[in-house]
Amino acid sequence: MAYYHVLFDESLDVAFTGLGIGWDYTKQGEGSCFTAEVHVCYLDELKEGDPVRVTYQLLDADAKRIHVFGHMYHAEKGYLAATSEQMCIHVDMKSRRASPFPDMQMGRIADLMKAHEGMPRPEQAGRVIGIKRK
């Protein structure tokens, strides 16, 4: 189970780099993104050494938060193995408090949000954990 989280985390780092909020940004000591909540659905098995492909969709964003949704596929067989829904909060690393994204990063986030606005909402997005009772 933990390896699915590691794959999602590492692939989200790549997506964050494209938004200007990746490791290089964090190393500057001004800001970082913290995961406030994550929900992973395990849909099919991956085995050690299987090639994977992870895609991310930006579901929503505001001045301090981004709501992302990842799909993990077996890279050769194409089946959906897992999904990961995350709420990430931008944090000022000096105050250790939630803070607005800098303008440049907010511009990139807004551009990605616009690019993703026509995409269908993933089936697993917004799921609630619980035992369904009749």
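**Notebook: strand pairing around E4**

I began at the end of the sheet and noted that E4 and strand E5 (residues 97-98) pair in the antiparallel sense over 2 bridges, in what is a predicted model. Looking at the register there, I found Asp-92 opposite Arg-97 in E5. The two strands form a hairpin with 4 residues between them, and in its turn I read a positive phi of about 60 degrees for Arg-96.

I then followed E4 to its other partners. Strand E1 (residues 31-42) pairs with E4 (residues 80-92) in the antiparallel sense, over 11 bridges, and I recorded Ile-89 in E4 as the bridge partner of Phe-34. Strand E3 (residues 65-74) is also antiparallel to E4, with 9 bridges, and here I saw Ile-66 standing opposite Cys-88 in E4. The hairpin of E3 and E4 has 5 residues between the strands, and Gly-78 takes a positive phi near 80 degrees in it.

Stepping back to the whole chain, I listed 3 helices and 5 strands, which run α-α-β-β-β-β-β-α from the N terminus on. I looked up the radius of gyration as well: it is 16 Å, which agrees with the value near 14 Å for a compact globule, because the chain has 134 residues. Among contacts between residues at least 6 apart in sequence, I noted that 67% join residues at least 24 apart, and that buried residues make up 36% of the 134 residues.

Last, I turned to charge, where I listed 16 positive and 19 negative side chains, with the centres of the two sets 6 Å apart.

Terms used
Residues numbered from 1 in each chain as written. Predicted model: local features only at pLDDT ≥ 70, side-chain atom pairs only at ≥ 80, totals over all residues. Heavy atoms only, no water. Pairing = 2+ DSSP bridges. Rg over C-alpha atoms; globule rule 2.2 N^0.38 Å. Buried < 20%, exposed > 50% of the residue type's maximum accessible area, 1.4 Å probe, protein only. Contact = heavy atoms within 4.5 Å. Lys, Arg positive; Asp, Glu negative; His and termini not counted. Charge placed at Lys NZ, Arg CZ, Asp CG, Glu CD.
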